[in-house]
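Trainee: I would like a close look at one part of this protein: how its aromatic side chains are placed. Please carry on from there into the parts of the chain around them.

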Amino acid sequence: MDSRGFDSTGREFSSATEMWAQEIGATASASASASEVPPGAAAPSNGDAGEEAGGEGKREEWYSKGIAYWQGVEASTEGVLGGYGCVNDADVKGSAAFLRPLLAERFGAVKRHLVALDCGSGIGRVTKNFLIKHFNEVDLVEPVAHFLEAARENLSSCMDVGHDTHKAANFYCIPLQDFTPEEGRYDVIWIQWCIGQLTDDDFISFFNRAKVGLKPDGFFVLKENIAKNGFVLDKEDNSVTRSDAYFRELFNKCGLYIHSIKNQKELPEELFAVRMYALVTSQPKVTKNGKRGRPKNSPRIIRS
């Protein structure tokens, strides 16, 4: 499915960005047109310097409050899953079922040293239970220090091992809005239950920077809660849950295409629906038999 097929639902995105922009003190035009601004450049402004400074202050407050919330959460599976540690097994099972055919399709049977990036890694739950079984190396990026320390401890048996074994390699204590991956290092960049902490323009900027971290044929997987319409703002942990239509418009603004989608099953009914998106930087080609051919992905450096 081509993520650029977004049309009338754009109204939902526009109204949602305007409402959310008011919450963080940004102008609606800056949020809605962020993809037109090079990473690192100032967004368009409808006001004077004082208004811009006020907006930036609210932006910093948005992120600092989010970090402060998670700093008060226990570094455990139950803690990082918001009291729903019971979903861990179903989550891991669903992720593995989604990833396995993608690895086979994108990389084939050729032996390849696979490297993944676990974004918003928390205590290393996803890496330990899932990613490290499929990749030779996994790097973790997480802004909450005591979560990352717990990840080091949880993955201590998976560090400093041989070149071709499966290991946790690097631990980065950096928020996603400030992180730029190493060029050409990753086969898969896995982003789960953390992108809701980012504002729209930082969402777009992050993916634009992260493209350079992909190897040829590499791809992103975004696994997230899905709102039924527009977005749901959580002022307790300063996060936003976006709708499918909202995500599609953001993917469009990032220059990303949806390769495949799958819904997570076996979750408690009271929770948000959860969806997995495999995202690529080149439009999937369709062969004569109606199946997608394996596109060549050529990541490019985006300079700020």
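Mentor: Phe 130 counts as buried, because its relative accessibility is 2% and the cut-off for buried is under 20%. This comes from a predicted model, so every value here is computed from predicted coordinates. The ring of Phe 130 takes part in one of the 14 aromatic pairs counted in the structure. Its partner in an edge-to-face pair is Trp 190, with 4.9 Å from centre to centre and 65° between the planes. The two residues are 60 apart in the chain and so the pair links distant parts of it: Phe 130 belongs to helix α6 (residues 125-134), and Trp 190 to strand β4 (residues 186-192). Trp 190 is buried as well, because its relative accessible area is 0%.

A second pair joins Phe 247 and Tyr 277. Their ring centres are 5.9 Å apart and their planes meet at 55°, so this pair is tilted. It too links distant parts of the chain, with Phe 247 in helix α9 (residues 244-254) and Tyr 277 in strand β9 (residues 273-280), 30 residues apart. Phe 247 and Tyr 277 are both buried. They belong to a cluster held together by ring pairs, whose other members are Phe 203, Phe 206, Phe 207, Phe 220 and Phe 251.

Phe 203, Phe 206 and Phe 207 of that cluster are listed among the buried residues of helix α8. This helix spans residues 200-210, and 11 of its 11 residues are buried. The buried set is not confined to rings and aliphatic side chains: Asp 200, Asp 201, Asp 202, Asn 208 and Arg 209 are included in it.

Another ring, that of Tyr 246, has the charged end of Arg 242 sitting over it, 5.7 Å from the ring centre. Arg 242 is at the end of strand β7 (residues 239-242), which pairs with strand β6 (residues 231-234) in the antiparallel sense over 4 bridges. Within this pairing, Leu 233 stands opposite Val 240 of β7. The hairpin has 4 residues between its strands, and Asn 238 takes a positive phi near 50° there.

That phi value leads to a wider point. Most residues other than glycine have a negative phi. Trp 193 is not a glycine, yet its phi is positive, at about 50°. Trp 193 lies in the loop between β4 and α8. It counts as partly exposed, because its relative accessibility is 27%. Glu 266 is another non-glycine residue with a positive phi, near 65°, and its place is the loop between β8 (257-263) and β9. Glu 266 is exposed, because its relative accessible area is 58% and the exposed class begins over 50%.

The cysteines can be dealt with briefly. The structure holds 0 disulfides. For Cys 119, the closest cysteine sulfur is that of Cys 194, and at 6.1 Å it is too far for a bond; the cut-off for a disulfide is 2.5 Å between sulfur atoms. Cys 119 is buried, because its relative accessibility is 0%. Cys 173, by contrast, is partly exposed at 43% relative accessibility.

Cys 119 is also the last residue of strand β1 (residues 115-119), which pairs with β2 in the parallel sense over 5 bridges. Across this pairing, Asp 118 stands opposite Leu 140 in β2. Strand β2 (residues 137-141) is mostly covered, with 5 of its 5 residues buried. The cover is on both faces: Glu 137, Asp 139 and Val 141 are buried on one side, and Val 138 and Leu 140 on the other.

For the chain as a whole, the secondary structure comes to 9 helices and 9 strands. Of the 304 residues, 51% count as buried. Among contacts between residues at least 6 apart in sequence, 72% join residues at least 24 apart. The accessible surface is about 14200 Å², and 49% of it belongs to carbon and sulfur atoms.

Definitions and conventions. Residues are numbered from 1 along each chain as its sequence is written. This is a predicted model: local features need pLDDT of at least 70, side-chain atom pairs count only at pLDDT 80 or more; totals for chains, interfaces and linings use all residues. Side-chain values use heavy atoms; hydrogens and water are left out. Buried means under 20% relative accessible area, exposed over 50%, partly exposed in between (1.4 Å probe, protein chains only). Contact means heavy atoms within 4.5 Å. Accessible areas come from the Shrake-Rupley method with a 1.4 Å probe; for residues, only the protein chains shown count as cover. Rings of Phe, Tyr and Trp (its six-membered ring) pair if their centres lie within 6.5 Å; planes under 30 degrees apart count as stacked, over 60 as edge-to-face and the rest as tilted. A charge sits over a ring if NZ of Lys or CZ of Arg is within 6 Å of the ring centre and within 35 degrees of the ring normal. Two strands pair if DSSP finds at least two bridges between them.
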